[in-house]
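Student: I have a model open on my screen and would like to learn how to read its inner spaces, its core and its cysteines. Could we go through them together?

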Amino acid sequence: MVIDNYGRLINYLRLSITDHCNLSCLYCRPKINKKARCQILRLEEIIRLVRLTAGMGIKHYRITGGEPLFRREVVYLVRELNQIKGVEEISMTTNGVRLAQFGRELKEAGLRRINISLDSLRPDRYRQITGGDFSRVWEGIDEAINLGFSPIKINMVPMKGINEDEVEAFVRLAIEKGLGVRFIEFMPFNQDRAAWNKLHLPIGVVQDRLSRLFNLKPLNGSITGNGPAEYYQIEGTAGFIGFIAPLSRGFCHRCNRLRLTPDGKLRPCLERDIEIDLKSPLRNGYSDEEIKELIRKTIREKPHDHHFHEERTYQRAMSAIGG
Ligand code: SAM
């Protein structure tokens, strides 16, 4: 069991396995932005880090990116991680574009929980926000349902004047398809503050609106996972919704996570630019114990809270951290 300096239990690691993404979401950024292959952690390096962290008490792993389904060996990775002692749960966050193609193999490899990002139910608007093809994601969602992934959660970032008018439609989607929808507050990465301010919608505004329209009952348990969302069942249905409000509500006091970047930096916080390099140690013959000490050092450096409220320039795009 790992407890940080502020008494938080650290049991969750996000693995960003590539910075490559085929979409270009207006709040995130790159379409095809890539580090050289040699800068990206090899699969055996990721697997070794999972083995070491699992031995230290990390139980939950999420594969993300960039777009994780753009890394060919992702199915192999899921299969290997599933066999590591101490790994209790593997999940994935994907834009869904390649999910219809890979869903079955991922399921067979042992993936159960999946989050799919979708910011609009209107194909033309979806293309404006992401540059992508809505129908591919829609097929991916249907395939995930047919294959029995559970839970399936849709990530939606509501933005003022862009897609905020669709939040009710997303709740209806949750009801119709019996899945979860999470409303994620827009975080100020890569935008100047004026641009961010124009689009930022405090998640409480969305919650108030939806609470007036639907009967929402607080939800706890295995479906809710290990993250920062506050979940509600839509009463009388199998659908549920979640609210993630890193700025307007803050949840650093219960943050349980670390993040591994595609190029092998371990980060104790999404927002702060604190990172400890593990790639060079992995490639320079460090022992398991020496690498574990670097992981402990990262945990010791986990800050008390994020500083999203301060305007600053970020060293990395979200796609290079693993959102
Ligand atoms: N490519 C995958 C996907 O699209 O789900 C995984 C990576 S993406 C960075 C992970 C999640 O971060 C997505 O659900 C996306 O909506 C969210 N995200 C990215 N930038 C964000 C921002 N500035 N504010 C809020 N959420 C953001």
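Tutor: Happy to. A cavity is a set of grid points where a 1.4 Å probe fits but cannot get out, whereas a pocket is an open set. Keep in mind that this model is predicted.

Student: How many cavities of 30 Å³ or more does the count come to?

Tutor: The count comes to two. The second largest cavity holds about 40 Å³ of space.

Student: Which residues line the second largest cavity, and how do they divide by class?

Tutor: Its lining is made of L13, L49, T53, L260, L266, L278 and I295. By class, that is six nonpolar residues, one polar and no charged ones.

Student: What about the largest pocket: how much space lies in it, and which residues lie nearest its centre?

Tutor: About 250 Å³ of space lies there. The lining has 13 residues, with T18, H20, K34, R37 and F70 nearest the centre. Seven residues of this lining are charged, four are nonpolar and two are polar.

Student: Now the core. What is the general idea?

Tutor: In soluble globular proteins, nonpolar side chains tend to be buried together. Here, the largest nonpolar core has 100 residues, and L15, I63, L106 and F183 touch the most other members. Helix α1, residues 43-56, gives the most to this core, with eight residues.

Student: With which residues is F183 in contact, leaving aside its neighbours within four places in sequence?

Tutor: Among them are M156, P158, V167, F170 and V171, and also I203, V206 and L210. The stretch I241, G242, F243 and I244 is in contact with F183 too.

Student: And E89, a charged residue: is E89 buried or exposed?

Tutor: The cut-off for buried is under 20% relative accessible area. E89 has 18% relative accessibility, so E89 counts as buried. E89 is found in strand β3, residues 89-94. Beyond its neighbours within four places in sequence, E89 is in contact with K59, H60, Y61, R113 and N226.

Student: Last, the cysteines. What is a disulfide, and how many does the structure hold?

Tutor: A disulfide is a covalent bond between the sulfur atoms of two cysteines. This structure holds zero.

Student: Why is there no bond between C21 and C25?

Tutor: The closest cysteine sulfur to that of C21 is in C25, but it is 6.2 Å away, which is too far for a bond. For C25, the closest cysteine sulfur is in C28, at 6.1 Å, again too far. Both residues are buried: C21 has a relative accessible area of 12%, and C25 has 14%.

Terms used
Residues numbered from 1 in each chain as written. Predicted model: local features only at pLDDT ≥ 70, side-chain atom pairs only at ≥ 80, totals over all residues. Heavy atoms only, no water. 1 Å grid on protein atoms, 1.4 Å probe; cavity = no way out; pocket = protein on both sides within 12 Å on 5 of 7 lines; lining within 4 Å. Points joined across faces, edges and corners; volume = space filled by probe spheres on them. Nonpolar A, V, L, I, M, F, W, Y, C, P; charged D, E, K, R; others polar. Core = buried A, V, L, I, M, F, W, Y, C linked by side-chain atoms within 4.5 Å. Buried < 20%, exposed > 50% of the residue type's maximum accessible area, 1.4 Å probe, protein only. Helix = DSSP H or I, 4+ residues; strand = E, 2+ residues; numbered from the N terminus. Contact = heavy atoms within 4.5 Å. Disulfide = S-S within 2.5 Å.
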